[in-house]
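Work through the exercises below with the sequence and the model side by side, and try each task before reading its solution.

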Amino acid sequence: VEVIKDTTSVANKVIDKINADNSSEVVVFASEGTSVSKAVFDKLKETGKTLSIGVVDGQGKVNAIVTIEGNKITGTSVNFNLKITVDAKNNTINSVATKAGINNDKFTIVDFKYSGTLPGTLKVAANVANKYADGTKLALYYYNAKKGVLENQYQLTTVKNGYAEFAIDHCSQYVLVESSAAQVTTGTLGSPKTVDTNALIMWIMVMLAAAGTTHKQNTI
């Protein structure tokens, strides 16, 4: 399995793959910290194709899967860094969650190195297998650092094959909370929108199968 690890390679290799692949959905692997350039977003917007990126950590694990749909791109003036820390440590967020009555074992922090508005709505599948069993329902919250609060995103996701998928159009820090804990501690949860993970399950299985060999390959 080829793992792309620098911005230039992402632009050149991914664009070549998008052009050459007859499928409307393209899959690549990239090491964490790699940036997806404006040129890639432009090509996806032009072709309307979907790009799924398996983000590989230093141990060869697919830590997250980012899916970019060309027909949902509204702007392209970003270099999107793929460094995504799942189960990140943040004492401030821990304190906010504790004050809200959410125990530490009931939530996990997903921290994006890229911060700011995205060029459209992206889907992110975070690898939460070390913390949650398949079938666990999680509610998505955004950590508003300026206000020091967790803001309900009204999305409910079910862990499948170790991944929890959600949709975002802005990057910073998000918190996945077990829905039972969220329901108890938040009076404004309402009826969360359920993210459809079925569309991504096929890619997750492909990536998991391929990721098993990534640690034996040299990155480029």
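The exercises go from the whole chain to single strands, a helix, the cores and two backbone angles.

The model is predicted, so that local features need pLDDT of at least 70 and side-chain atom pairs count only at pLDDT 80 or more, while totals for chains, interfaces and linings use all residues. Residues are numbered from 1 along each chain as its sequence is written, and side-chain values use heavy atoms, with hydrogens and water left out.

**Exercise 1. The whole chain**

Task: state how many helices and strands the protein chain has, and what part of its residues is buried.

Solution: Begin with the secondary structure, which comes to 5 helices and 12 strands; helices (H or I, at least four residues) and strands (E, at least two) are DSSP runs, numbered from the N terminus. Next, take burial, where buried means under 20% relative accessible area, exposed over 50%, and partly exposed in between, with a 1.4 Å probe and protein chains only. By this rule, 53% of the 220 residues are buried.

**Exercise 2. Strand 8 and its partners**

Task: find which strands pair with strand 8, given that two strands pair if DSSP finds at least two bridges between them.

Solution: First locate strand 8 at residues 107–127, of which 16 of 21 are buried. Strand 5 (residues 62–73) pairs with strand 8 in the antiparallel sense over 6 bridges, and here I73 stands opposite G120. Strand 7 (residues 84–86) is also an antiparallel partner, over 3 bridges, with V86 opposite V110. Finally, strand 11 (residues 163–178) pairs with strand 8 over 13 bridges, again antiparallel, and F166 is the bridge partner of V124.

**Exercise 3. The two sides of helix 3**

Task: decide which residues of helix 3 are buried, and where they lie around the helix.

Solution: In helix 3 (residues 91–99), the buried residues are I93, V96 and A97. Seen down the axis, the buried residues fall within an arc of 95°, so they line one face of the helix; the arc is that of the directions from the helix axis to the C-beta atoms. The face turned away from this buried side carries the exposed residues N91 and K99. The cover over the buried residues includes strand 8, strand 9 (137–144), strand 10 and strand 11. Then look at the ends: at the start, a side-chain oxygen of N90 reaches to within 3.0 Å of the backbone nitrogen of T92, while G101, with a positive phi near 85°, follows the helix.

**Exercise 4. The nonpolar cores**

Task: identify the residues with the most contacts inside the largest nonpolar core, a core being a set of buried Ala, Val, Leu, Ile, Met, Phe, Trp, Tyr and Cys residues joined through side-chain atoms within 4.5 Å.

Solution: The largest core has 41 residues, and those with the most contacts inside it are I68, F80, F112 and F166. Strand 8 gives the largest share of this core, 7 residues. A second, separate core of 14 residues includes I93, F107, A139 and A181.

**Exercise 5. Positive phi outside glycine**

Task: place Y154 and N161 in the chain, and say how exposed each residue is.

Solution: Y154 has a positive phi of about 55° although it is not a glycine; Y154 is found in strand 10 (residues 149–158) and is partly exposed at 37% relative accessibility. N161, also not a glycine, has a positive phi near 50°. N161 is found in the loop between strand 10 and strand 11, and with a relative accessible area of 31% N161 is partly exposed.

Technical notes: Pairing = 2+ DSSP bridges. Contact = heavy atoms within 4.5 Å. Polar contact = N/O pair within 3.5 Å; in protein donor to acceptor, adjacent residues only side chain to side chain.
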